[in-house]
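Visitor: I would like a close look at a single part of this model, with the surroundings described afterwards.

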Amino acid sequence: MILNRVQACLALAASLAMPALGNAQNPIRVGLSIAQTGPLSGAGKSGLLALQIWRDDVNAKGGLLGRPVELVVYDDQSNPSTTPGIYTKLVDVDKADLLIAPYGTNLTAPVMPLVKQRDLLLMGNFSLDANAQIKHDKYFNNAPWSSAKAMAQAYLALTGQLGVKTIAILAADAEFAQTIAGGVRQGLKERGLESVYDQNYPPNTVDFSSMLRALRAKKPEAVFVASYPSDSAAIIRALNETGVGSSVKIFGGAMVGLQYTTLMESLGSMLNGVVNFHAWVPERTMDFPGVRDFLARYQAKAKDANVDALGFYIPPFDYAIGQILAQAVNATKSLDNKVLAKYLRENEMKTIAGNFRYGPTGEWASPRVIFVQFQDVLDKNTDQFRSAGKQVIVGPAAYKTAPVRPFSEIRR
Amino acid sequence: MSFDLLAEALIAGILLGCFYAAVSIGLSVAFGLLYVPHIAHPAFLVLGAYGVYGINQAGVDPILAGVILSPFFFFLGVGVYRFYHAVFERRGSDAGLRGLAFFFGVAFIVEVALILNYGVDQRMVQASYIGQGLSLGDYRLPYRMLVAFAVALGLTVLLSLYLSRTFMGRAIKAVAQDETGLALMGANPVKVKQWAFGIATATCPIAGALLIVIGPVEPGLGRLYIGRCFCVAVLAGLGSMKGTLAAGVILGIAESLVLTSMGASWAPAVAFGLLLAVLAVRPTGLFGR
């Protein structure tokens with residue numbers, strides 16, 4: 001009889017323990033699509049490596065809510081038409097607990113109606129103005145900018161410092177480039193700038209000499225370029241070969257790709273004088289706790305993974321997505337998207353990419369996009385970019401490490 | 001547009017057009033003379049460009065690296081054609097569509113192999129003529145475009161001479177005109193076509209060298225060139241080497257003029273509009289018979 005009671009107690013204890021045991025084995029699934037092929041895969045692959053490092057870190061510390069974290073990842077091939085289907089699958093078939101957006105504006109925009117309709121939390125991944133129209137209250141971006149206009153204003157402020165009166169705009173026919181160029185166009189009037197050349201170019205343009213010649217003929221004092229990696233490299237080469245004229249005091253803007261190690265190394269001294277947006281560079285004002293340790297670990301894995309060797313642009317911010325999610329889940333002890341979104345709206349985020357708060361549309365309340373100027377860059381040398389002084393921060397003032405120097409003066 | 005700007009745009013267009021001719025000339029042989037739907041041609045260009053990138057790391061000039069790789073690509077072309085012929089061409093009427101699928105598959109395999117081996121980042125090469133321009137008064141011409149111009153011209157002349165002056169070259173032209181007739185003369189059309197496809201592929205690393213000299217390459221770049229290469233080959237009149245050069249130059253000038261004038265977004269539309277207009281008037285292309 002006593003034995004039976006003991007057995008019954010043991011059975012009850014075992015049955016009570018089962019859910020906890022099952023829970024520990026049942027992972028929290030973080031779903032995302034990220035470009036592993038196609039034109040955006042350079043950033044996508046390095047971003048994924050950062051997220052994998054975060055997953056390993058968080059699992060080494062026991063996971064979230066006592067459960068291991070698992071990444072459910074699909075390759076969207078840099079193709080916006082694939083992302084709505086992938087996210088439907090992530091939600092309905094894979095039963096993802098948390099969602100991270102694809103890399104970039106073009107890929108995120110098609111997912112926004114779905115997450116709004118299902119009322120899901122979505123962590124943005126380097127989008128620009130993806131939530132401006134749809135205004136989903138559970139969208140939160142990792143990128144340190146708030147809107148195209150705000151981003152453009154930082155560049156236009158630099159033109160003001162250099163006494164520029166005329167500007168030329170050259171932008172790729174694609175979502176991100178057009179959005180940011182639109183921000184520049186909006187800000188011209190308030191800055192008293194006159195646009196003397198404004199061209200959108202098709203994405204598969206091979207040689208930019210013709211456009212730079214036409215641009216040079218207009219004698220602008222500033223040139224704003226919004227381009228993608230291959231275009232950015234081709235434009236910098238054409239800039240060196242064809243020139244843009246001695247009237248130009250500032251050249252650059254939103255040239256995606258000039259943050260990538262392979263292009264920085266290949267272009268070398270051709271980059272000198274160019275002012276471009278960035279998210280993180282090894283300057284003293286960017287020394288956030290944990291970022292250098294993360295980059296050291298990322299760089300150790302980057303070679304084997306065949307991804308961006310330095311990882312200054314996307315990786316710290318993709319790791320930050322994981323930190324933001326972990327902070328919210330640990331603080332609320334919940335995976336409820338509504339509860340998590342409330343926490344994200346009301347609290348300061350502590351990440352290796354810096355601490356910040358979210359504004360009403362899920363963008364950083366105080367944007368921190370930095371503009372760097374390439375100075376004294378040498379040819380064929382990756383290591384030079386690891387230390388300060390090669391990509392100095394020229395704006396905004398709070399993070400500035402050196403004054404902006406006129407482009408024509410540096411190129412002389 | 002001022003006269004100076006117009007002149008510069010014309011010169012830039014000619015240089016760019018020669019580059020287009022160089023990347024299309026292999027396709028003019030494969031598609032124009034052999035009627036093989038070789039949509040993997042741009043993928044082979046990119047493969048060639050990566051080969052050049054690898055050799056350039058040791059300090060070898062990119063164009064020279066392209067020439068060094070040429071014989072290897074010749075054998076690659078021979079192998080690909082033998083497989084294509086054995087599995088698709090020999091089997092009859094539906095070979096066209098299935099062949100298209102085959103070459104699409106080949107292009108995909110090349111792309112994935114490059115991604116696995118090199119990753120997806122853009123790659124560029126180093127050479128003294130990259131990033132520098134030749135100053136002629138107020139004009140500044142990029143050396144890399146001048147190199148592309150010279151190499152394209154050289155390739156066209158060499159291939160034209162080969163096809164018109166050598167025994168095998170004439171055999172290739174003959175197989176394009178009448179395969180059965182050639183067989184009745186005692187020649188083996190399959191061997192002739194295999195040789196011609198090898199030559200078409202051998203041009204890929206040289207044109208690929210130009211590709212990576214002109215701009216950065218990444219594994220998926222070939223997709224952007226499929227339209228342009230076929231546009232040049234068809235505009236030329238299938239199989240004409242001189243026509244390929246002329247068509248490339250026409251495309252280059254059209255693109256350059258549109259890019260220089262107010263309306264850069266229209267450049268691809270103008271180029272392909274031109275193709276449609278020429279084909280409407282002259283369905284055989286500019287130099288087709």
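Which side chains meet in a salt bridge at 3.6 Å, N to O?

Guide: The model is a predicted one. The pair in question is D293(A) and R297(A), whose side chains form a salt bridge with an N to O distance of 3.6 Å. That value is within the 4 Å cut-off for a side-chain nitrogen of Lys or Arg and a carboxyl oxygen of Asp or Glu, so the contact counts as a salt bridge. Side chains of opposite charge can pair when their charged atoms come close.

The position of the two residues along the chain comes next. Both belong to helix 11 of chain A, which covers residues 291-305. Because they are 4 residues apart in this helix, about one helical turn separates D293(A) from R297(A). Neither end of the pair is classed as buried: D293(A) has 47% relative accessibility and is partly exposed, and R297(A), at 28%, is partly exposed too. The pair also belongs to a network of salt bridges, in which D57(A) is linked with D293(A) and R297(A).

Over all chains, the count of salt bridges is 21. Two others can be set beside the pair in helix 11. One of them joins the side chains of R405(A) and E409(A), at 3.9 Å from N to O. Here R405(A) is partly exposed at 31% relative accessibility, and E409(A) is partly exposed at 40%. The other joins D137(A) to K138(A), with 3.3 Å from N to O. In this case the two ends fall into separate classes: D137(A) is partly exposed at 40% relative accessibility, whereas K138(A) has a relative accessible area of 4%. Buried means under 20%, so K138(A) is in that class.

From K138(A), the next residues along the chain lead to strand 5 of chain A, residues 139-141. Strand 5 pairs with strand 4 of chain A in the parallel sense, over 3 bridges. Within this pairing, F140(A) is the bridge partner of M123(A). Strand 4 of chain A also runs parallel to strand 3 of chain A, residues 98-103, and 3 bridges join the two. There the bridge partner of I100(A) is M123(A). M123(A) therefore has a bridge partner in strand 3, I100(A), and one in strand 5, F140(A). The residues of strand 4, 122-125, point in two directions: L122(A) and G124(A) one way, M123(A) and N125(A) the other, and all are buried.

Chain A also has an open sheet of 7 strands, with mixed pairing and the order 7-6-8-9-10-13-14. Its edge strands, each paired on one side only, are strand 7 (194-201) and strand 14 (391-395). From one strand to the next, the twist averages 25 degrees. At the strand 7 end of the order, strand 6 (residues 166-172) pairs with strand 7 in the parallel sense over 7 bridges. One of the residue pairs there is A172(A) with Y201(A).

Last, the largest pocket has a volume of about 720 Å³. Its lining has 32 residues, and those nearest the centre are P39(A), P203(A), S230(A), D231(A) and L224(B). Two or more lining residues come from each of helix 4 (105-108) and helix 9 (229-242) of chain A, and from each of helix 8 (189-214) and helix 9 (222-236) of chain B. By class, the lining comprises 17 nonpolar, 10 polar and 5 charged residues.

Terms used
Residues numbered from 1 in each chain as written. Chains lettered and ligands numbered in written order. Predicted model: local features only at pLDDT ≥ 70, side-chain atom pairs only at ≥ 80, totals over all residues. Heavy atoms only, no water. Buried < 20%, exposed > 50% of the residue type's maximum accessible area, 1.4 Å probe, protein only. 1 Å grid on protein atoms, 1.4 Å probe; cavity = no way out; pocket = protein on both sides within 12 Å on 5 of 7 lines; lining within 4 Å. Points joined across faces, edges and corners; volume = space filled by probe spheres on them. Nonpolar A, V, L, I, M, F, W, Y, C, P; charged D, E, K, R; others polar. Pairing = 2+ DSSP bridges. Axes fitted to C-alpha atoms, helices over the stretch in contact; angles between N-to-C directions.
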